[in-house]
Amino acid sequence: KSKGVRYSVAELLQVKLVVTQNWPLSDVQSEPFAQLVHHLTKGFHKPISVDRLRQLIHGVDLVVKAHLRKSLENQTVCLTTDSWTDISNQNFYCMTAHWIDDNRE
């Protein structure tokens, strides 16, 4: 958890869906999603707002960045990049980092 940002379990699970599963914010806030979760939990009533979701994602982002910085301290990192344009002329850019830690993993 990030300092200054408080999470409920429902909020944290919604953030997890957006961050780890690439769900659009609109899906997590939709009425069908709220109905499904309410049915499964019998306690969830309303999805969190976009502003709150963004605030929580930012808090998670800060924690992950701090952990990554600490993990990569004194490590050699190799970066590879790629960019492409799809058929609808939308540009994409990808960056991948590789490193071997002290445990040779």
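Leaving aside its neighbours within four places in sequence, which residues is Val 15 in contact with? The legends below take up this question and a few others for a predicted model.

**Figure 1. The whole chain, from helices to strands.**
This predicted model holds four helices and two strands. Reading from the N terminus, the order of elements is α-α-α-α-β-β. The protein has 105 residues, and 17% of them are buried. Take the contacts with a separation of 6 or more: 41% of these join residues 24 or more positions apart.

**Figure 2. A close-up of Val 15.**
Here is the reply to the opening question: with neighbours up to four places away left aside, Val 15 is in contact with Leu 53, Leu 56, Ile 57 and Val 60. Val 15 itself belongs to helix H1. Is this residue buried or exposed? Its relative accessibility is 2%, and since buried means under 20%, Val 15 counts as buried. Val 28 is worth finding in this view too: it sits 13 residues from Val 15 in sequence, and their C-alpha atoms are 8.8 Å apart in space.

**Figure 3. Where helix H1 meets helix H4.**
Helix H1 covers residues 9-21 and helix H4 covers residues 50-72; their axes lie 10 Å apart and make an angle of about 75°. Angles of 65 to 115 degrees count as roughly perpendicular, and H1 and H4 are therefore roughly perpendicular to each other. Which residues of H1 and H4 meet? On the H1 side they are Glu 11, Gln 14, Val 15, Val 18 and Val 19, and on the H4 side Arg 52, Leu 53, Leu 56, Ile 57 and Val 60. Sorted by character, the residues of this contact are seven nonpolar, one polar and two charged.

**Figure 4. The largest nonpolar core.**
How many residues make up the largest nonpolar core? There are eight in all: Val 15, Val 18, Val 28, Phe 33, Val 37, Ile 48, Leu 53 and Leu 56. Two or more residues come from each of H1, helix H3 (31-41) and H4. As general background, nonpolar side chains tend to be buried together in soluble globular proteins. Val 15 appears again among the core residues, and Val 15 is also one of the H1 residues that meet H4.

**Figure 5. The loop between H4 and E1.**
Two residues of this loop are shown, Asn 74 and Gln 75. Is Asn 74 buried or exposed? Asn 74 is exposed, with a relative accessible area of 78%, whereas Gln 75 counts as buried at 19% relative accessibility. The cut-off matters for Gln 75, because buried means under 20% relative accessible area. Asn 74 also has a positive phi, about 60°, although it is not a glycine. For context, most residues other than glycine have a negative phi. Gln 75, for its part, touches Ile 100, Asp 101 and Asp 102 when residues up to four places away in sequence are not counted.

**Figure 6. The hairpin of E1 and E2.**
Strand E1 spans residues 78-85 and strand E2 spans residues 91-98, and the two pair in the antiparallel sense over eight bridges. Which residue is the bridge partner of Cys 78 in E2? That partner is His 98. Further along the pairing, Trp 84 stands opposite Phe 92 in E2. Together E1 and E2 form a hairpin, with five residues between them. Asn 89 is found in the loop joining E1 and E2, and its phi is positive, near 70°, in a residue other than glycine. With 60% relative accessibility, Asn 89 counts as exposed.

**Figure 7. A close-up of Leu 79.**
Leu 79 lies in strand E1. Which residues does Leu 79 touch, not counting residues up to four places away in sequence? They are Met 95, Thr 96 and Ala 97. His 98 is also marked: Leu 79 and His 98 are 19 residues apart along the chain, yet their C-alpha atoms are separated by 6.5 Å. Leu 79 is exposed, with a relative accessible area of 52%; the cut-off for exposed is over 50%. In a regular strand, as a general point, side chains alternate between the two faces of the sheet.

Note on methods: Residues numbered from 1 in each chain as written. Predicted model: local features only at pLDDT ≥ 70, side-chain atom pairs only at ≥ 80, totals over all residues. Heavy atoms only, no water. Axes fitted to C-alpha atoms, helices over the stretch in contact; angles between N-to-C directions. Parallel < 35°, antiparallel > 145°, perpendicular 65-115°, else oblique. Contact = heavy atoms within 4.5 Å. Nonpolar A, V, L, I, M, F, W, Y, C, P; charged D, E, K, R; others polar. Pairing = 2+ DSSP bridges. Core = buried A, V, L, I, M, F, W, Y, C linked by side-chain atoms within 4.5 Å. Buried < 20%, exposed > 50% of the residue type's maximum accessible area, 1.4 Å probe, protein only.
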